[in-house]
Structures are given as structure tokens and as C-alpha cells.
Amino acid sequence: MSVDSIGPARRRTFTPYVLLYLLAATLAGAYLVFLGVRPDLIAMWKSKPDQTQTALVETQRTVERALADIDPLKQGVGEVKADLASFKAGLDEAAERDRILMEKLETLERLAAEKAAAAAKPAKTATAPAKKPAAATTIETGSIETKKPAAAAKPPEVGVLLATGPSLDALRLSWSILNDRASDTVRSLHPRYVVSGKDNERTYGLVAGPLPTIADAKAVCKVMSDRGMACEVSQFRGNSF
């Protein structure tokens with residue numbers, strides 16, 4: 001009976017792990033050779049800035065510039081608000097003055113109407129017995145001049161406040177628009193302007209008139225209000241354009 005001899009198995013030299021190590025060693029050697037031959041390229045690649053970081057820096061600069069531009073806008077908005085507040089205060093003062101004047105004018109018109117009504121009533125004649133005229137003695141005297149009664153103060157003229165603006169040019173434009181939209185109402189009126197407020201905060205008002213009575217001015221304002229335009233009874237004063 002023969003016995004087969006069994007020897008040790010032969011191991012494979014180039015296993016996958018060995019091949020992987022050889023590939024890594026080859027790449028490392030190639031990198032070292034490339035680094036020795038062209039070191040300038042490696043330095044240039046390392047010194048190239050990151051595009052993401054550059055974009056972030058540029059975005060931050062843009063935001064800072066935008067914030068710097070917003071600050072003057074905020075300041076300008078604050079100044080506009082202050083101007084509007086002073087403009088509104090000037091309008092309120094002018095409206096209050098006109099209201100007081102209109103109340104005085106209404107009082108004067110009412111008193112004049114009462115006096116006219118009283119004068120229109122027939123005077124009652126007295127029924128006393130007639131007496132014989134006594135013999136009048138003629139007395140020669142010098143001529144005496146009779147003083148004429150002082151004329152009553154003329155009441156202020158009535159007008160309507162139709163518009164306000166920051167300048168005379170704005171009032172002229174408003175007057176032209178009113179003549180186009182309500183020519184039948186303002187055609188017979190004369191425009192004037194009034195100024196209120198300080199030097200840097202002046203407000204110009206457009207006053208039209210004159211009108212005979214406050215009732216006529218209220219009628220004009222009613223027509224203008226029905227057409228969607230501003231109107232307020234006021235004293236007819238100011239300067240011509």
C-alpha cells in the first residue's frame with residue numbers, strides 16, 4: 001500500500017492587498033517626482049483662494065454697503081415726517097384762524113340783518129293832539145356844520161380755501177386743475193395766496209373769491225365736495241398770483 005506525500009501549500013505572492021499597497025506606493029512616488037520637477041505648480045495651487053470664501057467676503061461687503069445706503073434714507077424719511085408734521089400744524093393754525101374770523105363775520109351779518117329788519121317795520125305814529133305853533137322868534141346864528149356819522153366798519157370779504165401746497169407753482173397748478181374740473185363754479189372767482197409758517201416750513205394756501213355771504217361760500221364748498229375736491233369757507237385775503 002503506497003502512501004501519497006502531502007506537502008505544504010504554496011502561497012500566492014500578488015494578493016489584492018499587495019497590489020493595493022504597490023499602487024499606493026507608485027502614486028506616492030509619482031507625487032514626489034512631480035513635486036521635485038514642478039514645485040511652482042504646487043505652490044500656485046496652494047496659494048489659489050477658495051471661491052466660496054471669496055463669495056462670502058464679497059456678499060458681506062455688499063450687505064455693508066447696502067446698510068450704509070439705508071442710513072441716509074432713514075434720515076430723509078425722518079425729515080419728511082417732521083416737515084409733514086409742521087405742515088399739518090400750520091394748516092390747523094390757519095383753519096382755526098379762519099374759523100374764528102367766520103364766526104365774527106356771521107355775527108356781523110346777523111346783526112346787520114336784524115337792523116335791516118327793524119328799519120323795514122313801519123313806524124308807529126303818535127296820536128297826540130296837535131298844538132298851535134307858537135310864534136317863533138327868529139335868531140340869527142352863524143352857520144354850524146353838522147358832523148356826518150362815522151361809516152360802519154366794512155366786514156371782511158368771504159372766500160373759499162381750495163388747496164394748499166409747498167410753493168406758488170403748486171398753487172398755480174392746482175388752480176389750473178380746478179378751472180378744468182369745475183370751471184362753472186370757479187370761473188367768476190379770483191385766486192389769491194396766503195402764507196403761513198416759518199421761513200423753512202412755509203405753507204401756501206389757495207383762496208378764491210370774493211363771495212357775497214358765508215351762505216354763498218358754503219354753497220360753493222358743497223358743489224366742490226360733491227365733486228371730490230377739497231373746500232373750506234375762509235376769509236378772502238392774501239396776494240394775487
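Is C231 buried or exposed? At 19% relative accessibility, C231 counts as buried, because the cut-off for buried is under 20%. I will come back to that residue. Keep in mind that the model on the screen is predicted.

First, the overall layout. The chain has six helices and five strands. Going along the sequence, they come in the order α-α-α-β-α-α-β-β-α-β-β. The chain is 241 residues long, and 18% of them are buried. About 19,700 Å² of the chain is exposed, and 60% of that area comes from carbon and sulfur atoms. Now take the contacts between residues at least 6 apart in sequence: 72% of these join residues at least 24 apart.

Back to C231. What is C231 joined to by a disulfide? The partner is C221, with an S to S distance of 2.2 Å. As a reminder, a disulfide is a covalent bond between the sulfur atoms of two cysteines. The count for this model is one disulfide. The angle about the S-S bond is -65°, and the link between C221 and C231 is left-handed. C221 sits in helix α6, residues 214-226, while C231 is in the loop between α6 and β4, so the pair ties together parts that are ten residues apart in sequence. C221 is buried too, with a relative accessible area of 8%.

Next, the nonpolar core. In soluble globular proteins, nonpolar side chains tend to be buried together. The largest nonpolar core here has 25 residues, and those that touch the most other members are V160, L162, W175, L178, L206, M224 and V233. At least two residues of this core come from each of α3, β1, α4, β3 and α6. Which of these gives the largest share? That is α6, with five residues.

One of the well-connected core members, M224, links back to what we have seen. Neighbours within four places in sequence aside, M224 contacts L162, L178, A182, T185, V186, M229 and C231. So C231, our opening residue, is on that list.

T185 is on the list as well, and I will finish there. T185 lies in helix α5, which covers residues 183-186. T185 is buried, with a relative accessible area of 14%. The side chain of T185 makes a polar contact of 3.4 Å with the side chain of D184. Again leaving out neighbours within four places in sequence, T185 is in contact with V220, V223, M224 and R227.

Technical notes. Residues numbered from 1 in each chain as written. Predicted model: local features only at pLDDT ≥ 70, side-chain atom pairs only at ≥ 80, totals over all residues. Heavy atoms only, no water. Helix = DSSP H or I, 4+ residues; strand = E, 2+ residues; numbered from the N terminus. Buried < 20%, exposed > 50% of the residue type's maximum accessible area, 1.4 Å probe, protein only. Contact = heavy atoms within 4.5 Å. Areas by Shrake-Rupley, 256 points an atom, 1.4 Å probe, with all protein chains shown as cover. Disulfide = S-S within 2.5 Å. Polar contact = N/O pair within 3.5 Å; in protein donor to acceptor, adjacent residues only side chain to side chain. Core = buried A, V, L, I, M, F, W, Y, C linked by side-chain atoms within 4.5 Å.
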